[in-house]
2 protein chains.
Amino acid sequence: MKTPHVRLGVIGAGNVGRALVELLSDGSRQIALVDGATAVLDIVGVAVRDPDTPRAGIDPALLVGDALALAAREDVDVLVELAGGVEPARTWVETALRRGASVVTANKTLMAEHGTELAQVAHEHGADLLYEASVAGGIPIIRALRTSLAGEKINRVIGIVNGTTNFILSQMTSEGRDYDEALKEAQALGFAEADPTADVEAFDAAAKVQILSSLAIGTALHGEPISREGISAVRSVDVEFARRAGYVIKLIGVVERVGANGLSRRTHPALIPVDHPLAAVHGAMNAVFIEGERSGPLMWLGQGAGGYPTATAVLGDVLHAARNRVSGRHDVPFSVDYRLVSVDAGDLSSVFYLSIDVRDEPGVLAEVAGVFGRHRVSIQSMEQSGFGQEARLSFLTHEAKARDIASTIGDLGQLASVDSIGASIRVIDGGVA
Amino acid sequence: MKTPHVRLGVIGAGNVGRALVELLSDGSRQIALVDGATAVLDIVGVAVRDPDTPRAGIDPALLVGDALALAAREDVDVLVELAGGVEPARTWVETALRRGASVVTANKTLMAEHGTELAQVAHEHGADLLYEASVAGGIPIIRALRTSLAGEKINRVIGIVNGTTNFILSQMTSEGRDYDEALKEAQALGFAEADPTADVEAFDAAAKVQILSSLAIGTALHGEPISREGISAVRSVDVEFARRAGYVIKLIGVVERVGANGLSRRTHPALIPVDHPLAAVHGAMNAVFIEGERSGPLMWLGQGAGGYPTATAVLGDVLHAARNRVSGRHDVPFSVDYRLVSVDAGDLSSVFYLSIDVRDEPGVLAEVAGVFGRHRVSIQSMEQSGFGQEARLSFLTHEAKARDIASTIGDLGQLASVDSIGASIRVIDGGVA
């Protein structure tokens, strides 16, 4: 029996693109690759901005300058889109899908904003749209949600899906760094951009929350806003308080069922108990923690970025697309549950950590406690540390609505005895054993 | 288009079998199940020892007494084998495969001893043999190895794949229990059998190491022995020393490439650094940690046993088998790399922890150190704690061959000044960040 060939077009030759070409060209992997794809994989073109600049490890004859033309070429069976951003990537992907080619992409922004419509285009044209590398880099979480956990009801997903913020928070925890120091260190090491907004203000994590929610719960992908809080307000005193209380602070993305048809999708920093598996996710690692109704807790951990880890995720998708192509089939797109209604993050209850700097004067604590009481926020524990004329009050509340915490903070800000109010950070309950 | 039907026969109605029937009969999951399988799933028979005893949640009309007859029935498209043990399970599975029905099994012993030959039978008859639930219960590790990581070169797998021993060691760590106390507690809670040998002496873990090695590296499955050490020699003093030195003790199963064609497969207790993700695997949880050449470190964590978690893994396989059946295809069996040669565990180097009780007399330490030196084992650190006429010496060595550690212990046992020698436990190096 002759082994069939599947022809690949690759758009982008950055870290991931170069690593992918290297993996596909590695002779020692050929047998495994052909087995995995049930086909020989041939790269027929690599689209780059400047095709005349040589790229180490890529045959110069493969380099082309026109990505749209590559997407449209009839001899490209699988298009691999590694350029990122919405346009022109959306056009390239749609062009390939409309002529029945499958697409593998690592593009989280594109999937978060246009995933549902592109999945529909793929399905109508008998093609696959695969995007394992768009969330949590090298961790094969998307295939697990689509295959192994098909038929399982997932109640909550908690992801550490942004390596930059996890690195910053890890440095603040293990090295006692300030936020600004840790951010500069992340920038110096190439873990953070010169403008870190997308990471530290959780735009990146929010896009990944969109994609995870579509697969874990069945929500549409068209850029509906996610309640979004980043880490720029987290201070070293918060990290230190968390440590003493048995927690670490992590930026998490959450997808959670609320009641029968409610859904909360949000990102925020959180205090995680030190014995929770998510607390062991250090540095630039990513992890996705899932609570299934019958499977119980499940967690995946791995590298969330980097050329090679991301390329292995892309490669897994390429093999899957090739296998489907050879057998003349394609995956069914994720189903969308249109009954789901977004629940406002303000309506959700949690234990909160709050810290407030006040003048160390008689009656101040009673005044502060009065404000908590008026907003029905009851206090679980309080720690007071004095410094000169000032005192810092650190609170853990009992379960309270985020809305009530926000109005408590608003009123505290009006008190003459309150100098400043620090971060308010949710506490994630429970370990796993 | 009419939705096709796929007919299931289930052998066994214990915890897993009953949970599976419940999941398949749950109306709220029907849409997801039909989507996942691209078919309606009908249970046509459930084989049990005594079909006249009613089972809660199972239609009495489905109960049959003859498992072999169920496996042979022409109207069973997918046989689910949940009975366990080698025979008669092997005969039932082979009977179904030989008539082209697919088989889903949770049977680790059967797969470890006959997996390669049964996979070949399945392939020859165009059927699937799926066994996600045979390793690490509800964790979808097998599908990840077969799909997402196809084409990746995996250098090392470390699994915490036995919940009983992990529970015992967790209780020794967190509650300061003795081994015997913790074992009794595990037995009282139903985590350990009355005869705990299969768990504590790592026979169970060794079977799972066989299966993981076949998928991660490509070894045959026919019961080749695994180097096997259990946890019955681990004492609370060892756990306490590990804690002071920044480690926790876990029973691990290891599959590791050694050089170009060497392979080590073994189980033993190990000291794991507290900041390693495997250290966060508490109680009866399971985890599999993988080091891929390009993917970097990856870890899966979840419930290793229990009716519902295991049933979700079985269900994922049932959906996959049904989907393949509807599209008239089957998975390619894992490929076997016959060049691989087993490396003796004695030839492998590691840092070791050793503890020795000696008479507290002048010259004893020099005598002990002399024995280490004669076997080329050099000492990284030593802690001495005295009690009365005795002293306990706790050592961490530099990297040393297991064979040299064994002969060191042999010679130490000959010294008149040495009263007893405790566990020798390997140290796993490095955290993950």
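Two strands pair if DSSP finds at least two bridges between them. The legends below use that sense of pairing for a predicted model.

**View 1. Strand β12 of chain A pairs with strand β12 of chain B.** The two strands run antiparallel. Five bridges join β12(A) to β12(B), which spans residues 296-303. One bridge links A:Gly302 to B:Leu298.

**View 2. Chain A and chain B meet through 54 and 53 residues, respectively.** Several elements of chain A each supply at least two residues to the side that touches chain B: α2 (30-37), α6 (141-146), β11 (285-292), β12 (296-303) and α12 (307-326). By class, this side of chain A holds 25 nonpolar residues, 20 polar residues and nine charged residues.

**View 3. A turn of 180 degrees lays chain A on chain B.** The shift along the axis is 0.0 Å, and the RMSD is 0.0 Å. The two copies are thus related as by a two-fold rotation axis. The same surface serves both copies, with 98% of the contact residues of chain A recurring in chain B. A:Trp300 is the residue of chain A that comes closest to the rotation axis, its C-alpha lying at 2.3 Å.

**View 4. Chain A contains 14 helices and 18 strands.** Its C-alpha atoms fill a box of roughly 85 × 45 × 40 Å along the principal axes. The radius of gyration of chain A is 24 Å, which agrees with the value near 22 Å for a compact globule of 433 residues. Of these 433 residues, 53% count as buried. Among contacts in chain A with a separation of 6 or more, 74% join residues 24 or more positions apart.

**View 5. Helix α7 of chain B is largely enclosed by the rest of the structure, because 11 of its 12 residues are buried.** The helix covers residues 163-174. At 1.5 Å a residue it should span 16 Å, and its end C-alpha atoms are 16 Å apart, which agrees. The buried residues of α7(B) include B:Phe167, B:Ile168, B:Leu169 and B:Met172. Also among them are B:Thr164, B:Asn166, B:Ser170 and B:Gln171.

**View 6. The buried residues of α7(B) pack against helices and strands of chain B.** The helices are α8 (179-188), α9 (197-200) and α11 (236-245). The strands are β7 (154-160), β9 (247-258) and β11 (285-292). B:Gly176 follows α7(B) and has a positive phi, near 70 degrees.

Note on methods
Residues numbered from 1 in each chain as written. Chains lettered and ligands numbered in written order. Predicted model: local features only at pLDDT ≥ 70, side-chain atom pairs only at ≥ 80, totals over all residues. Contact = placed C-beta atoms within 7 Å. Helix = DSSP H or I, 4+ residues; strand = E, 2+ residues; numbered from the N terminus. Nonpolar A, V, L, I, M, F, W, Y, C, P; charged D, E, K, R; others polar. Rg over C-alpha atoms; globule rule 2.2 N^0.38 Å. Buried ≥ 20, exposed ≤ 12 C-beta atoms within 10 Å, placed from the backbone. Least-squares fit on C-alpha atoms with pLDDT ≥ 70 in both. Expected span 1.5 Å × (residues − 1).
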